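Colleague: I have a few questions about how the helices of this model sit together. Could you walk me through them?

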Amino acid sequence: MTLVETRLVGGECSYYACMPTKTMLRAAEISATLDRSPGFEPQRPDIERVWWWRDQVTSNWDDTGQLDFLKEKRCNFVRGYGRIVRPGLLEVQDGPELEYDRLVVATGSAPAIPPIDGLDSVDYWTNEDATRTHALPESLAVIGGGPVGAELAQFFARMGSRVTVIEHGPRLLGRVHEDAAAIVEATFREEGIDVRVGADVVRVEPDVRLTLSDGSTVEAEKVLVATGRRPHVQGLGLEDVGVRTTPRGVEVDLRMRAAENVWAIGDVTGISLFTHVGKYQARIAAFDMTGQGHDADYRAIPAATFTDPEVGTVGRTDGDDLVTVRYDITGGRLSTYERPKRDAFLRLFADPKERVLVGAVAVGPEASEWLGQLTLAVRSATPVDMLLDTIQPYPTFSEAILFALIELVGALA
Ligand SMILES: Cc1cc2nc3c(=O)[nH]c(=O)nc-3n(C[C@H](O)[C@H](O)[C@H](O)COP(=O)(O)OP(=O)(O)OC[C@H]3O[C@@H](n4cnc5c(N)ncnc54)[C@H](O)[C@@H]3O)c2cc1C
């Protein structure tokens, strides 16, 4: 087995995405937690130490540890850009030619840069720059209010930058349930983030002045472009082995097969751009190669946005055929957590015929952690009556699952 990687083993997640952002956000969360914890003095973060912490987590953008891991697993490694020459042969730029029986394409995605007039005249950031920087801009304009833009906007705002978020859609976090997005947007505004929704950036001047479609302007020291991702499918020779691509990415079946003896996994498939989905797809592909495969099941994909408050969603969160209830969390663990208490809730979605959960939306402290058992409930199609008969620990945020289920069973009756 040979792994070919042109940059760092571990990919975007370890160095420019999940790991640095979650470390940065942890620092931002601690700082805000002190502000909301009676008996504690608010404390401004020491930004140099925050960068140091993040740099530790990214191993200073050094993948030596990962190479040791590959060695342990008896996996050969070649650093360089791989391209398919013909079925069964891969060439590595400035490196060897490699024969293969089976090929896995896991080339990921890159930031999609919108064609904004004048954008190239400024030294804009992508997630890569924002997660490597040691500079705290006095002001930051974030183009794009999805999870990447929202997480980084809140980090920089809490560290002291004056932040504006410009979102084309009618609200932040356009892909999550509107109840959740509304809480995050209200929190951003309370924290002093200038949120401009329903607006496009139409022009950028070299002095970093942005003109928006509604005629307003934004001036900032830095611009962060967070307007989505595009799959890395170009220049790989995929067409030479019969792999089909669309603007979304490599077309695969439910076993992750892309062509004869070729599998594709992760962001490059465009199915769901999360590390845990890529890892799941890796397992599906590996099982398929051993002949013991089963189809991928995407009914219960958990998705977390690590803003504060966090947003966790799983499965289907809309549809006229579903019964839904919202339970607002006001006591229990929330009472012990902070002052003033902030909005937190759990919304459940159920199939009334089958009496099973099909989706959930959670907002509150560490909501990504409460998602675990909801993900299992959706994936395993556990009957709601059995979920209701499950003892939840007290006082925890996941106790909300019990209270929401009581309301759900009433609504299903
Ligand atoms: C700011 C940000 C935060 C995120 N946070 C989270 C999070 O908290 N949780 C989560 O689940 N997901 C998160 N994501 C998404 C997550 O980072 C991706 O889903 C994940 O990295 C995809 O993994 P992958 O292996 O498919 O691709 P990548 O991580 O992009 O890896 C692809 C690798 O292929 C290499 N490569 C490409 N072409 C070639 C070639 N021809 N030859 C050799 N090597 C090549 C690249 O150098 C790269 O290292 C975040 C994304 C961003 C941008």
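Colleague: Which residues in α2 meet α3, and which in α3 do they meet?

Modeller: Happy to help, and bear in mind that this is a predicted model. α2 and α3 pack with their axes 9 Å apart, at an angle of about 150°, and the crossing is right-handed. From α2 come Met19, Pro20, Thr23, Met24, Arg26, Ala27 and Ile30, and they meet Val50, Trp51, Trp53, Arg54 and Val57 in α3.

Colleague: How many residues of that contact of α2 with α3 are nonpolar, polar and charged?

Modeller: Thr23 is in the contact on the α2 side, and threonine falls outside the nonpolar and charged lists, so it counts as polar. Sorted by class, the contact of α2 with α3 has 2 charged, 1 polar and 9 nonpolar residues.

Colleague: Where do the buried residues of α3 fall, seen down its axis?

Modeller: Those buried residues are Ile47, Val50, Trp51, Arg54 and Asp55. Seen down the axis of α3, they stay within an arc of 135°, so they line one face of the helix.

Colleague: Which helices do the buried residues of α3 pack against?

Modeller: α3 spans residues 47–57, and Trp51 is one of its buried residues. The partners of the buried set are α2 (18–35), α5 (127–130) and α6 (147–159).

Colleague: Why do α2 and α6 count as oblique to each other?

Modeller: Their axes lie 9 Å apart, and the helices pack at an angle of about 45°. Oblique covers angles outside the roughly parallel, perpendicular and antiparallel ranges, and parallel stops at 35 degrees. α2 and α6 are therefore oblique.

Definitions and conventions: Residues numbered from 1 in each chain as written. Predicted model: local features only at pLDDT ≥ 70, side-chain atom pairs only at ≥ 80, totals over all residues. Heavy atoms only, no water. Buried < 20%, exposed > 50% of the residue type's maximum accessible area, 1.4 Å probe, protein only. Helix = DSSP H or I, 4+ residues; strand = E, 2+ residues; numbered from the N terminus. Arc of directions from axis to C-beta. Contact = heavy atoms within 4.5 Å. Axes fitted to C-alpha atoms, helices over the stretch in contact; angles between N-to-C directions. Parallel < 35°, antiparallel > 145°, perpendicular 65-115°, else oblique. Left-handed = near helix turned anticlockwise from the far one by under 90°.
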